[in-house]
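I opened this file to look up how the strands, helices and core fit together. My entries follow the order in which I checked things.

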Amino acid sequence: MEFMLDDTYFMKKALQEAEVAYEKGEVPIGAVIVVNQRIIARAHNLTEQLKDVTAHAEMQAITAAANFLGSKYLHHCTLYVTLEPCQMCAGALYWSQLPRLVFAARDPQRGFSALGAQVHPRTEILGGLMEAESSDLLKRFFVQKRNLN
């Protein structure tokens, strides 16, 4: 039997990164970047640890993938991320010319689509893959955070 690496497989890897963020007390968002069925970047939110508002999972993954490829462009890559990117991350994805974006949970308040931001016009977008799992992790994190305060 042949094992196929599909979108669900890679989104599960992004969710594993989100779990790492959760354990660190970061908002649990994870990302992986894939090229030719190979993960070339793994990342999760580091905004609290680095005290840097730009240290979103997507930004960390873009930087790691660009370093791996030796190029500022992420041609032939797919980003899997557990929450719809914000407008800052959408801008970075635009400039990286990412051809494919797959995200889990939608962000109706801060997501790029709600705010009118755009990724590159040739970027294929698939939203809602494993949305329930990602949403549950985010809800659990914020319930726990409220209970600690």
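The entries below cover the basis of the model, the sheet, one helix, the cores and a few backbone angles.

**Basis.** I am working from a predicted model, in which local features need pLDDT of at least 70 and side-chain atom pairs count only at pLDDT 80 or more, while totals for chains, interfaces and linings use all residues. Residues are numbered from 1 along each chain as its sequence is written, and side-chain values use heavy atoms, with hydrogens and water left out.

**Sheet.** I took helices (H or I, at least four residues) and strands (E, at least two) as DSSP runs, numbered from the N terminus. Two strands count as paired if DSSP finds at least two bridges between them. I found an open sheet of five strands with mixed pairing, in the order E2-E1-E3-E4-E5. Strand E2 (38-44) and strand E5 (124-127) have a single partner strand each, so one side of each lacks a neighbour in the sheet. On average, neighbouring strands are turned by 15° against each other, direction ignored. I noted five bridges between E1 (residues 30-35) and E3 (residues 77-83), which pair in the antiparallel sense. Ile33 has Leu79 in E3 as its bridge partner.

**Helix H4.** I asked which residues of H4 (residues 87-96) are buried (under 20% relative accessible area, 1.4 Å probe, protein chains only; exposed is over 50%, partly exposed in between). They are Cys89, Ala90, Ala92, Leu93 and Ser96. Seen down the axis, these buried residues fall within an arc of 160° (taken from the directions from the helix axis to the C-beta atoms), so they line one face of H4. Their cover includes helix H3 (57-69), E3 and E4.

**Cores.** I used nonpolar core for a set of buried Ala, Val, Leu, Ile, Met, Phe, Trp, Tyr and Cys residues joined through side-chain atoms within 4.5 Å. The largest has 27 residues, of which Ile33, Leu79 and Leu101 touch the most other members. E1, E2, H3, E3, H4 and E4 each supply at least two residues of this core. A second, separate core of twelve residues includes Val32, Ile39, Leu129 and Met130.

**Backbone angles.** I looked up three residues with positive phi. Gln37, in the loop between E1 and E2, has phi near 65° and is partly exposed at 43% relative accessibility. Met130, in the loop between E5 and H5, has a phi of about 60° but is buried, at 14%. Gln97, just after H4, also takes a positive phi of about 60°.

Conventions:
Axes fitted to C-alpha atoms, helices over the stretch in contact; angles between N-to-C directions. Contact = heavy atoms within 4.5 Å.
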